[in-house]
Amino acid sequence: MMNYSKVFQGTAFTSKSAKEINILKDYLFCLDDRGMIAKIVSPEDDDYNAMIQEYQDNDHFHRLKEGEYFLPGFIDLHIHAPQWAQSGTALDLPLYDWLHTYTFPLEAKFADRTFARKVYEDLVHTLLKNGTTTGLYFATVHKEASYLLAEICADQGQRGLVGKVVADDPQQNPDYYRDSDAATALAETEEFILDVKELAKKTKQGVYPVVTPRFIPSCTDEALQGLGELAAKYDTHIQSHCSESDWEHGHVKERYHKTDATALNGFGLLQEKSIMAHSVFLEDNDVNLFAETGTAIGHCPLSNAYFANAVLPLAHFHSQGVDIGLGTDISAGAAPSLYDNAKQAVVSSRMLEDGVDTSLSPETRGVDGSRITINEAFYFATAGGGKSLSLPIGLLEENYAWDVQIVDINAGANKLPIFDENEDLYDVFQKMMYLVKPDNIREVWVQGEKVVSQGDGF
Ligand SMILES: O=c1[nH]c(=O)c2nc[nH]c2[nH]1
């Protein structure tokens, strides 16, 4: 029998497809020493009982208790880490005014590494407690504080993909908060990439540098061109915002006489490992371009209600072959939880389908075929995020990382309304998606290591 480094026994929920949930009742999950799922054994398999006999007295055997379930860790595709310090506030202005009034002054404070450490340590821990095992982060224009965020992810055991933000256009960024010029922005981005790649060598769960033009309006052509070249040279992920509001989509069209997606593609910024936040206003050709280049959308439904002032045609874009995952968009989305965003993705999609203007007849009010189910929202928070990042995460399947949240439906502080001990497991899953709070997340594991446990400084 193979020598597994850890074996877990319990009931798990994972996506079978975007629309279907696979329920693995009382399965065994066997890990190798890299924290990958090497083998999954079902109770019907011949070696199931022998495996339990072999491992059950071992320290590395973990059996779930009554009322506990495995879910894949969530993958948050869009987080502005410095903005955690203003989460829940500053939601009263449109995007351009919000950036200049609240957000740039706040982000400028991250020149101070002591302040940055305070915010970033708290944020990464909070996201882990909410079940987020992988985070794709915008830091700030400061190279040192951006590297600090990568180090904090590495130390706390979260899989972090981190970008030093580039914003070099003096017409669009205040003097107190921008890169001094394109050449400096590119040189610092290159140093940042090399530093994070070095850090990755000693980080089991992985930490990744991400090429991060804030968005086209913040950057000069020279910076955008150079960032596309750096991403190709070092084979990095790329993140930015695309077609996120009427103002931003229109601004790029006026500047280049083409859409945001076409312009980004011209700079080499759309590729298999590109994740574009929001993308609510993509036009038909843009959708094809995303699908052809493998560019994914980081869908942030809470944020969209405030800053896009529109609803992403999620079901339509996904049916066209675009990869999609979910993001919190802290702090334009105030909540640090992908549970909250999964629920909002369902709600927003239904409002798009049904329409909201009661002065119109029901037949003309909405957009047919827009709604998604909670199964799809779960898929976008897990497997869809993994596919978007081209990483083996987000599914509980062989050759995927053991990134899981252990949910306790009987947690004293938030017992879920389950009164029948033989409750249908699919109903348990739905109740978890709608009602779980951090109190229910008893443990979080990333790459086979326990990184959060209720009780130890929770
Ligand atoms: O939601 C957003 N948050 C931001 O910080 C930002 N910057 C550019 N565009 C943005 N959108």
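**Exercise 1. State which domains the assignment gives for the protein, and describe how they meet.**

Solution. The domain assignment divides this predicted model into domain 1 (6-72 + 395-453) and domain 2 (74-389). Next, consider the spacing: the centres of domain 1 and domain 2, taken over C-alpha atoms, are separated by 30 Å. Then turn to the contact, in which 22 residues of domain 1 meet 25 residues of domain 2. On the domain 1 side, α16 (425-435), β16 (441-446) and β17 (449-453) each contribute at least two residues. By class, this side of domain 1 comprises 13 nonpolar, 5 polar and 4 charged residues.

**Exercise 2. Determine how helices α4 and α5 are oriented towards each other, and identify the residues in their contact.**

Solution. Begin with the geometry: helix α4 (residues 143-156) packs against helix α5 (residues 182-200) at an angle of about 20°, and their axes lie 10 Å apart. Angles under 35 degrees count as roughly parallel; α4 and α5 are therefore roughly parallel to each other. Their crossing is right-handed. From α4, the contact uses K143, S146, Y147, A150, E151 and A154, while α5 provides E188, E191, F192, D195, V196 and L199. Sorted by class, the contact has 6 nonpolar, 1 polar and 5 charged residues.

**Exercise 3. List the residues around the ligand and state which helix gives the most to this shell.**

Solution. The shell consists of H80, L95, L99, T103, R214, F215, H241, E244, S303, F307, D329 and A332. Assigning residues to helices, α2 (95-108) and α10 (301-308) each supply at least two. The largest contribution, 3 residues, comes from α2. Finally, the shell divides into 5 nonpolar, 4 polar and 3 charged residues.

Terms used. Residues numbered from 1 in each chain as written. Predicted model: local features only at pLDDT ≥ 70, side-chain atom pairs only at ≥ 80, totals over all residues. Near = placed C-beta within 6 Å. Helix = DSSP H or I, 4+ residues; strand = E, 2+ residues; numbered from the N terminus. Nonpolar A, V, L, I, M, F, W, Y, C, P; charged D, E, K, R; others polar. Axes fitted to C-alpha atoms, helices over the stretch in contact; angles between N-to-C directions. Parallel < 35°, antiparallel > 145°, perpendicular 65-115°, else oblique. Left-handed = near helix turned anticlockwise from the far one by under 90°. Contact = placed C-beta atoms within 7 Å. Domains from an automatic or database assignment.
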